[in-house]
Structure formats: structure tokens, C-alpha cells
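Colleague: Could you walk me through how to read this model, one feature at a time? I would like the general idea and then the case at hand.

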Amino acid sequence: MSNLSLKGELRVKGAKELRKESKIPAVLYGHGVTNVNLSVNYREFEKAYQSGGGKGLLELTIDNAAPINVLVQDWQINPITSVFTHVDFRQVKMDEKIKTDVNLKFIGESPAVKELGGIFVKNFNSIPVECLPKDLVSEITVDIVSLKEFGNVLHISDVVAPAGIKILAHAEDVIATVTPPRVEEEVAPAAAAVDLSQIKTEAEEKKEKKATEVAETAKVESAAKKEKK
């Protein structure tokens, strides 16, 4: 595959200052490689990432040094703004096999979805693989046309990996299936209508209780006056 290219600079400023300049703080490391702090242009990295650099191989040039082959090993994103705040690059050697994840791209149409109205459910967005850097791809396609009925599944063993790539996931793992459409639950019968006229408010109850107490007091006082006479 043709490598995507990206330029970087040795980091000489703080992370906050770099972000204000639309740059992303980054670090480079790898087997037998001394860690290097650097920065990359935000838009250039985002473009490379969206073009497959998130999982594929990148050709990184730091200042005026010779290009090196790297993988985007990890990244951090601001949970509020969803922008990249830091990137980890892992340098690879072209003659050494690497282990990484490759995205799955589901293609085709499932009869169980198209004709029966089923729901396509995928359990994997990516799978672990091992290969030489030159054989690495940014995605592996999976055709879902074989999902003809509810309950049909696709296993890892159904994935056809490109030449040179070994899939490390268990062959029996289910990567996708189709489930029956959801049936809306029947709305429960409305509760029996309540006669609001039969419900007394707390204020009304207090008022009636007070009137009863006054009436009882008046009776007692009236009886007492009669006895005195």
C-alpha cells in the first residue's frame, strides 16, 4: 500500500501553546528507538488520520530528517470538543512483523435486513492482526450478503484477510449477525378514570375538622350554661 505522509517538528513549546497554534503535541517511540517529543499540524494529521492513517502506515518526516515509518499507536481526544489533544507514534521496522488492529468495513446487502426488516448487529469494528509493515492495510472488507435469515452469523473465520496478514482473533468469534425487528410493546390500558370530585384536598379536610371542633366546643359550652341555670 502507498504510505500516507505527514510532517512533524521537534517539540520546543508547551502543549497549551502548541494547541493555540493548531498543532498537536505528540511523542515518538518504538523498539530500539529513543523517545522523541514532537508536534504535528492539526489539519494535516486529521486529514491523514481520516484517509486511513489511523490504522495504516504513515511516513513521518521530522524537521529535515529522513522519513520514517510509523503507526498511530494511540491518541487522546477532548471529550467536550472532540478534537485531538495528543498523539502517540510508534516507529516500525519494515523487516519486523507488527501486531496492530485493522478496521472492518462491512459491504453488500443482507437479505435478512433488506427483505425481512431485520437489524444488522456488529460485534467488532476492528480486529487484531499480525503482518509486516508493507502488508498492512487500513481496513478489511467483510461481505454481509450471506446473512439471509434472522440468527445467521458471520465468524472471524469468514473474514478473508489480504495476503501477508494473519488474523489473531479466535476463529469462532461472532463479528456480525441479524436480529428480528423490534416489536413495539402494546400500550397498557389507561388507568380507571378518577372522580376528582370525590377527592378532598388537605386544606378542605383541615377546614372540616376545624368546623367540627368548633361545633363540639359550642355544644359543650351550651350544656354547661344550662346546668348553671
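**Salt bridges, strands and cores**

Modeller: Let's begin with Glu21, which is partly exposed, with a relative accessible area of 32%. Keep in mind throughout that this is a predicted model.

Colleague: Which residue does the side chain of Glu21 meet in a salt bridge?

Modeller: Glu21 pairs with Lys23, at 3.9 Å from N to O. That counts because the cut-off for a salt bridge is 4 Å. Lys23 is partly exposed too, at 22% relative accessibility. The pair also belongs to a network of salt bridges that links Glu9, Lys13, Glu21 and Lys23.

Colleague: How many salt bridges does the count come to?

Modeller: The count comes to 6. Among them is the one between Glu109 and Lys114, with the closest N and O atoms 3.3 Å apart. Lys114 is exposed, with a relative accessibility of 60%. Another joins Asp135 to Lys134, where the closest N and O atoms are 3.1 Å apart.

Colleague: Now the confidence. Which element has the lowest mean pLDDT, and which the highest?

Modeller: Helix α4, residues 202-228, has the lowest mean at 61, while strand β11, residues 153-155, has the highest at 97. For the chain as a whole the mean pLDDT is 85, and 78% of the residues reach 70 or more.

Colleague: How many helices and strands does the chain have?

Modeller: There are 4 helices and 13 strands. Contacts add to that picture: of those with a separation of 6 or more, 64% are between residues 24 or more positions apart.

Colleague: How should I read a strand's side chains?

Modeller: In a regular strand, side chains alternate between the two faces of the sheet. Strand β9 shows this alternation: Ile127, Val129 and Cys131 point to one face and are buried, whereas Ser126, Pro128 and Glu130 point to the other and are not.

Colleague: Which strands pair with β9?

Modeller: β7 pairs with β9 in the antiparallel sense over 6 bridges, and Asn103 stands opposite Ser126 there. β9 is also joined to strand β12, residues 166-167, by 2 bridges, again antiparallel. In that pairing Glu130 stands opposite Lys166.

Colleague: And what about β13?

Modeller: Strand β8, residues 119-122, runs antiparallel to β13, with 4 bridges joining them. Lys122 has Ala176 as its bridge partner in β13. β11 pairs with β13 as well, antiparallel over 3 bridges, with His155 opposite Val174.

Colleague: In what order do the strands of the closed barrel run?

Modeller: The order is β1-β3-β2-β6-β5-β4, a closed barrel of 6 strands with mixed pairing. Neighbouring strands of this sheet are turned by 45° against each other on average, direction ignored. The parallel pairing of β1 (residues 4-10) with β4 (residues 57-62) has 5 bridges, and Lys7 has Thr61 as its bridge partner in β4.

Colleague: Let's turn to the interior. Which residues touch the most other members of the largest nonpolar core?

Modeller: Phe106, Ile127, Val142, Leu154 and Ile175 do, in a core of 24 residues. The elements giving two or more residues to this core are β7 (98-107), β9 (126-131), β10 (139-143) and β13 (174-179). β7 supplies the largest share, 4 residues. A second, separate core has 18 residues, including Leu28, Phe45, Leu58 and Ile62. Across the 229 residues of the chain, 28% count as buried.

Colleague: What does Leu154 touch, beyond residues up to four places away in sequence?

Modeller: Its contacts include Val142, Ile144 and Leu147, and also Asp173, Val174, Ile175 and Ala176. Val142 and Ile175 appear again here, having been named with Leu154 among the residues that touch the most core members.

Colleague: One last stop, a loop. Where is Pro162 placed?

Modeller: Pro162 lies in the loop between β11 and β12. Leaving aside neighbours within four places in sequence, Pro162 is in contact with Val137 and Ile140. Sequence separation is worth checking here too: Pro162 and Asp135 are 27 residues apart along the chain, and their C-alpha atoms are separated by 8.1 Å.

Colleague: Is Pro162 buried, exposed or partly exposed?

Modeller: Pro162 is partly exposed, because its relative accessibility is 30% and that class lies between the cut-offs of 20% and 50%.

Note on methods
Residues are numbered from 1 along each chain as its sequence is written. This is a predicted model: local features need pLDDT of at least 70, side-chain atom pairs count only at pLDDT 80 or more; totals for chains, interfaces and linings use all residues. Side-chain values use heavy atoms; hydrogens and water are left out. Buried means under 20% relative accessible area, exposed over 50%, partly exposed in between (1.4 Å probe, protein chains only). A nonpolar core is a set of buried Ala, Val, Leu, Ile, Met, Phe, Trp, Tyr and Cys residues joined through side-chain atoms within 4.5 Å. Contact means heavy atoms within 4.5 Å. pLDDT is the predictor's confidence in each residue, from 0 to 100. Two strands pair if DSSP finds at least two bridges between them. Axes are lines fitted to C-alpha atoms, for helices over the stretch in contact, and angles run from 0 to 180 degrees between N-to-C directions.
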